[in-house]
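Hi,

Here is the structure I promised to pass on. Have a look at it first, and my notes follow underneath.

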Amino acid sequence: MSPTSRARLLPLALLALLLALPAAGLARPPDDIARHRATVEALAGHEHSRAVSRELGQLRSWIDAAGRQWRRGDGEGLEQTLARLDAQAELVRARLQAAKARDALNRSQESLANVRHQIEAERQRYEAMRSFLEGGE
Amino acid sequence: MATRSHTRPARAARLPGVPGLLAGLALLAGCASAPPPSPDIRAFEIQRGADDADAVVGDEPALARQADAAYARALDAHADGDARLRIHEIHMADIYWRTAVARHERLRLSNEQVIADQTLRDARAELEALRVDIAALEESEVREAARAAQGPAVSSSTGVISGQLGGTTAAAPEVPAAPAIAPAEASARRAELARLLAGLGPVAESADGVWVTLVGAVVEQGAGQAPAAEPVVADLLGLLVDQYPEYDLSVEAYVDAGRDPSVALMRSQAVALALRTALVERGVARSRVKGIGRGAGDRNGDLPADRVEVRFVTAGR
């Protein structure tokens with residue numbers, strides 16, 4: 001390769017390097033996106049995930065959007081979307097915990113109603129037996 | 001348009017504390033030329049001004065601050081005409097606020113759970129106490145009936161529930177006297193009874209009668225519920241008591257020694273009571289069957305810890 005050719009190619013090489021820099025700067029986001037995808041799948045497997053189906057749908061939609069933003073080099077948009085994804089995942093976790101707490105409370109209240117019903121039945125039985133023993137029957 | 005922009009102070013005034021201040025500042029800064037709030041901003045203001053907002057802020061102040069800051073940034077972006085930033089920030093405000101609400105809700109539910117658990121424990125204790133009272137009452141009934149029909153009192157084997165209702169004066173149910181049977185015939189009948197009982201479990205004979213060890217004759221129904229006798233077992237025992245009037249029945253229950261002794265005693269009483277009740281429901285005279293809970297008892301050779309020993313004892317012994 002002659003020096004002249006090399007001199008001609010140099011600007012092209014620099015241009016390619018300049019174009020590659022933003023992509024290199026955005027090298028992490030795919031990792032973030034993959035992490036969020038894994039998070040969504042884990043959250044979707046939760047026993048109370050039906051309570052957060054809308055939020056999970058939103059998460060998936062934003063993950064897709066993040067992928068598109070990364071591909072077209074929209075750094076600002078990607079940063080915003082990743083921030084929303086982090087916050088939204090936290091929201092889903094909080095809502096799942098609330099749903100779990102509500103479920104546990106409902107079960108306790110059902111058990112309580114059941115025990116109270118048994119207490120009432122046993123009390124009636126007790127009173128009937130006592131009445132019988134005291135000659136009331 | 002100006003009229004709509006001046007509706008913001010009224011909304012902002014409903015926002016408590018920091019958000020109200022932020023909204024007011026944002027409003028004052030751009031009062032003259034601020035565009036009307038967008039639907040997403042209005043939607044956030046409505047949920048941020050809900051009745052329980054103060055309680056949410058009290059439980060989750062950091063998240064509430066983040067929500068209010070994002071809301072203020074959304075207002076700025078809206079005033080600057082930056083729709084993309086406004087949408088992002090109002091999304092963030094909405095997410096932060098709803099996270100705060102969810103955590104507040106979980107905290108409230110957890111507090112209610114503590115109360116519900118305590119109430120449930122109290123109710124279960126009350127139920128167990130009631131069952132102990134009933135077992136004592138039934139034991140007392142048997143003692144009174146035996147005293148009236150057979151002279152000397154039948155001693156309580158548990159030593160726990162005796163005497164609680166010692167002052168009762170029950171009229172003894174009428175039970176036909178056990179028929180007189182010749183010794184040879186009695187021996188043959190006892191052997192026949194032992195053969196019939198062998199289908200239920202290990203059987204032993206003595207001069208007084210026959211006893212069989214049952215496993216699974218009474219089934220626990222889960223926490224807080226009374227155990228229930230297996231209908232097939234109760235049917236067969238009821239039939240045999242009827243066919244062998246020379247014997248009375250003693251149902252002695254044992255429950256796993258690994259439990260708390262007092263719990264084991266109460267559960268064993270409930271088990272004995274369940275089988276006795278099932279027999280009475282099948283027409284066996286109350287005075288012919290007594291139920292005794294022996295708690296964990298002593299381990300008896302290879303016998304299972306959870307078992308019921310049903311003793312056919314010569315009537316009057």
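In chain B, Glu205(B) sits opposite Val210(B), a residue of β2(B). The two strands involved, β1(B) and β2(B), are antiparallel and share 4 bridges, and the hairpin that links β1(B) to β2(B) does so through 2 residues. On terms: strands count as paired if DSSP finds at least two bridges between them, and helices (H or I, at least four residues) and strands (E, at least two) are DSSP runs, numbered from the N terminus.

Before you go further, note that this is a predicted model: local features need pLDDT of at least 70, side-chain atom pairs count only at pLDDT 80 or more, and totals for chains, interfaces and linings use all residues. Residues are numbered from 1 along each chain as its sequence is written, while chains are lettered from A and ligands numbered from 1 in the order in which they are written.

Now the sheet that this hairpin belongs to. It is open, has 5 strands in the order β1-β2-β7-β5-β6 (chain B), and its pairing is mixed. At the edges are β1 (203–206) and β6 (289–293) of chain B, each of them paired on one side only. On average, neighbouring strands are turned by 15° against each other, direction ignored. At the β6 end, strand β5 (residues 247–254) of chain B runs parallel to β6(B), and 5 bridges join them. Glu252(B) has Ile292(B) in β6(B) as its bridge partner.

Two helices to look at against the sheet: α10(B) packs on it and touches β5, β6 and β7 of chain B, with a direction at about 165° to that of β6(B). Helix α8 (residues 183–197) of chain B lies across β1, β2 (209–214) and β7 (307–314) of chain B and runs at about 5° to β2(B). For these angles, axes are lines fitted to C-alpha atoms (for helices over the stretch in contact), and angles run from 0 to 180 degrees between N-to-C directions. Contact between two residues means that their C-beta atoms, placed from the backbone, lie within 7 Å.

How do α9(B) and α10(B) pack? Helix α9 (residues 231–243) and helix α10 (residues 261–281) of chain B have axes 9 Å apart, at an angle of about 60°. They are therefore oblique to each other (under 35 degrees is roughly parallel, over 145 roughly antiparallel, 65 to 115 roughly perpendicular, and the rest oblique). Ala234(B), Leu237(B), Gly238(B) and Val241(B) of α9(B) make the contact with Leu275(B), Ala278(B) and Leu279(B) of α10(B). By class that gives 6 nonpolar, 1 polar and no charged residues; Ala, Val, Leu, Ile, Met, Phe, Trp, Tyr, Cys and Pro count as nonpolar, Asp, Glu, Lys and Arg as charged, and the others, Gly among them, as polar.

For chain B as a whole, there are 10 helices and 7 strands. Of its 317 residues, 40% are buried (20 or more other C-beta atoms within 10 Å of a residue's own, placed from the backbone; 12 or fewer is exposed, and in between is partly exposed).

Lastly, the two chains: 33 residues of chain A are in contact with 37 residues of chain B. The chain A side of that divides into 14 nonpolar, 9 polar and 10 charged residues.

Cheers
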